[in-house]
Amino acid sequence: MASFGQPRPEDNQSVVNRMQKKYWKTKQVFIKATGKKEDEHVVASDAELDAKLEVFHSIQETCTELLKIVEKYQLRLNGSASMGSTSCGLKLTRG
């Protein structure tokens, strides 16, 4: 799990990939069983949807990476802030 209780995209992606593969296999079996040809408009629509899904997953992956970077940056800021307050406290007690 990523921070803030959100599931990681990798977890969801494997489920989505499995469902997509099962869908396409089932679709191919159905087409062969019924002896029908694929409608060219359906094929074009599927290709368009696949392209949009690919862009979406790319954006989702990029956002996840950016979130990780921001979290690391926040941790470093918090760490340096606490170090700064500790050294300041030491100066005050010695003086």
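# Getting to know this predicted model

The accessible surface of the protein comes to about 8500 Å², and carbon and sulfur atoms account for 63% of it. Keep in mind that this is a predicted model.

Reader: I'm new here, so how many helices and strands are there in the protein?
Author: Let's start with the helices. H1 covers residues 9–34, and H2 covers residues 40–94. Put together with the strands, the tally for the protein is two helices and zero strands.

Reader: What percentage of the residues count as buried?
Author: To count as buried, a residue needs a relative accessible area under 20%. The protein has 95 residues, and the share that count as buried is 5%.

Reader: Does Arg18 count as buried or exposed?
Author: Arg18 sits in helix H1. Its relative accessibility is 52%, and the cut-off for exposed is over 50%. So Arg18 counts as exposed.

Reader: Which residues form the positive surface patch?
Author: Lys and Arg are the residues that count as positive. One member is Arg18, which lies in helix H1. The full set is Arg18, Lys21, Lys22 and Lys25.

Reader: Is the aromatic pair of Tyr23 and Trp24 stacked or edge-to-face?
Author: A search of the whole structure turns up one aromatic pair. The ring centres of Tyr23 and Trp24 are 5.1 Å apart, and their planes stand at 70°. Planes over 60 degrees apart fall in one class, so this pair is edge-to-face.

Reader: And what is the relative accessible area of Trp24?
Author: Its partner in the ring pair, Tyr23, counts as partly exposed at 45% relative accessibility. Trp24 is partly exposed as well, since that class lies between 20% and 50%. The value for Trp24 is 29%.

Reader: Which residue forms a salt bridge with Lys52?
Author: The structure holds two salt bridges. In the one with Lys52, the closest N and O atoms are 3.2 Å apart, and both residues lie in helix H2, four residues apart, about one turn of the helix. Lys52 counts as exposed at 53% relative accessibility, while the partner is partly exposed at 47%. That partner is Glu48.

Reader: How far apart are the closest N and O atoms of Glu65 and Lys68?
Author: Glu65 and Lys68 are separated by about one helical turn, because they are three residues apart in helix H2. Glu65 is partly exposed at 40% relative accessibility, and Lys68 is partly exposed at 38%. The two form a salt bridge, with their closest N and O atoms at 3.6 Å.

Conventions. Residues are numbered from 1 along each chain as its sequence is written. This is a predicted model: local features need pLDDT of at least 70, side-chain atom pairs count only at pLDDT 80 or more; totals for chains, interfaces and linings use all residues. Side-chain values use heavy atoms; hydrogens and water are left out. Patches are made of residues with over 30% relative accessible area and no salt bridge: like charges are joined within 9 Å, nonpolar side chains (Val, Leu, Ile, Met, Phe, Trp, Tyr) within 5 Å. Accessible areas come from the Shrake-Rupley method with a 1.4 Å probe; for residues, only the protein chains shown count as cover. A salt bridge is a side-chain nitrogen of Lys or Arg within 4 Å of a carboxyl oxygen of Asp or Glu. The place of a charge is taken as NZ of Lys, CZ of Arg, CG of Asp or CD of Glu. Buried means under 20% relative accessible area, exposed over 50%, partly exposed in between (1.4 Å probe, protein chains only). Rings of Phe, Tyr and Trp (its six-membered ring) pair if their centres lie within 6.5 Å; planes under 30 degrees apart count as stacked, over 60 as edge-to-face and the rest as tilted.
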